[in-house]
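I opened this notebook to record what I looked up in the structure, entry by entry. The entries follow the order of my queries.

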Amino acid sequence: MLSQKAWSPYLAGVVIGLLQIPAFLIIETALGASSSYVTIGGLIASWLDPAVLKIGYVARHVAVTAKNWWQVALVVGIALGAFISMQMSGARRHAISPIWQRALGSASPAKRYAVAFFGGFIMLFGARIADGCTSGHGLSGMAQLAVGSTVAVAAMFVGGIATAFLVLRRI
Amino acid sequence: MSVTLAIAVGLLMGIVFGFALEKSRVFEPGIIVGQMQLSNFIMLKVFLAAVATGAVVLAVLHGFGYVKLAPKAALYGADIVGGLILGAGIALAGACPGTTLAQIGAGYRDALFTLVGGLCGAVAYSYAEPTLSKTFLGQGGGKLIFSDLAGIPYWVGALILAAVIVLILFALESWRPWRPELGNDVDGDLTPGASPNKLHVVPAE
């Protein structure tokens, strides 16, 4: 089981959904990922520009609180868990997924790295405007029947589908 | 709760989260871009199964009074504008903020650029936040949830949502079975001809 390369999406989804139990019972929060980028990004930015900590938004996110650093640990754990799972199954990855050559119409790693950087940039800029991402609005917001989160998830899919059809080539 | 304990809990939960993301293949750029191009539905299946499970879990925990809900406030302008930009980023990154880390763990090198771009995007937003929060992006209602609008208890609404999702998933699975969508090398690459054992040579610069 642990050495399989792929599980049913339903089994994996149930495992992810069950993580709401420790999130709500122990940390008293919902699963989320994008706030941690403000915590780490804000901390790094403060080495170059200490004044960034005077922005209330940054100060709230870098504060040494259980919720802030729980989420940073969560995303670090995601990388560890994926690494362990990959090692156990032997599903090694290439440096760049083969789909990008078709999606970008180019085999240049430099082009892919530039697109990845830009994609990551607007992904987090958008997530912070919306106050949540696929985890916070998607998994947690929809499970809590939140109206705003449902609107945000619909907008995410509209933006993603439009970009995937208009900007990327068919994979 | 102590910060140290919270970090330990977070790490353990993250390892389980990352393990499930890797096993489901939902972190694969081929699966995420394929979902956005409506040619691969594994992402939607993982997502909806996790939402339904979360809804059942919270229906029980909240119904018996063990937990308080923590929904985000409904800020429609921010939800729509932010969601559209986030979605565009997901398509170009071939990842979302959480799965970027799973891609790094699994060995995708471009995900490091996604991560650095994401950190820069979060910092750029931080500098803009005091200004943006004074615009329409900061306007909105309170912590609105559908079950309150419908005048039913949360746990009833959550169980209805879970039941509807299960029906959708059955229909989705009979329309698009998941196994063929895993792709040539469990990477969502659905091009015919490429064999799973074929060596993909990283193109020269």
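Before the first entry, I fix the term helix: a DSSP run of H or I with at least four residues, numbered from the N terminus. I also note that the model is predicted.

**Entry 1: helix α5 of chain A.** I looked at what follows α5(A) and found that G90(A), just after this helix, takes a positive phi of about 75 degrees. I then turned to the helix itself, which runs over residues 66-89 of chain A and holds 24 residues. What span should it have at 1.5 Å a residue? The expected value is 34 Å, and the end C-alpha atoms lie 33 Å apart, which agrees. I also checked burial: α5(A) is mostly covered, with 17 of its 24 residues buried.

**Entry 2: chain A as a whole.** I counted the secondary structure of chain A and obtained 9 helices and 0 strands. Along the sequence, the pattern reads α-α-α-α-α-α-α-α-α. Taken along the principal axes, the box filled by the C-alpha atoms of chain A is roughly 45 × 40 × 35 Å. Chain A has 171 residues, of which 59% are buried. I then took the contacts in chain A between residues at least 6 apart in sequence; 53% of them join residues at least 24 apart.

**Entry 3: chain B against chain A.** I asked how many residues of each chain take part in the contact between chain A and chain B. The result is 122 residues of chain B in contact with 123 residues of chain A. Several elements of chain B give two or more residues to this side, including α1 (3-24), α3 (42-63), α6 (110-132) and α8 (154-175). The most comes from α1(B), with 19 residues. By class, I recorded 82 nonpolar, 27 polar and 13 charged residues on the side of chain B that touches chain A.

**Entry 4: the pair α1(A) and α1(B).** Two packed helices are described by the angle between their axes and the distance between the axes. For α1(A), residues 9-18, and α1(B), I read an angle of about 165 degrees and an axis separation of 9 Å. Angles over 145 degrees count as roughly antiparallel, so α1(A) is roughly antiparallel to α1(B). The crossing of α1(A) past α1(B) is left-handed.

I listed the residues that meet there. From α1(A) they are P9(A), A12(A), V15(A) and I16(A); from α1(B) they are V16(B), F17(B), A20(B), K23(B) and S24(B). The residues of this contact divide into 7 nonpolar, 1 polar and 1 charged.

Terms used:
Residues are numbered from 1 along each chain as its sequence is written. Chains are lettered from A and ligands numbered from 1 in the order in which they are written. This is a predicted model: local features need pLDDT of at least 70, side-chain atom pairs count only at pLDDT 80 or more; totals for chains, interfaces and linings use all residues. Two residues are in contact if their C-beta atoms, placed from the backbone, lie within 7 Å. Ala, Val, Leu, Ile, Met, Phe, Trp, Tyr, Cys and Pro count as nonpolar, Asp, Glu, Lys and Arg as charged, and the others, Gly among them, as polar. The expected span of a helix is 1.5 Å times one less than its number of residues. A residue is buried if 20 or more other C-beta atoms lie within 10 Å of its own, exposed if 12 or fewer, and partly exposed in between; C-beta atoms are placed from the backbone. Axes are lines fitted to C-alpha atoms, for helices over the stretch in contact, and angles run from 0 to 180 degrees between N-to-C directions. Angles under 35 degrees count as roughly parallel, over 145 as roughly antiparallel, 65 to 115 as roughly perpendicular and the rest as oblique. A crossing is left-handed if the near helix is turned anticlockwise from the far one by less than a right angle, and right-handed if clockwise.
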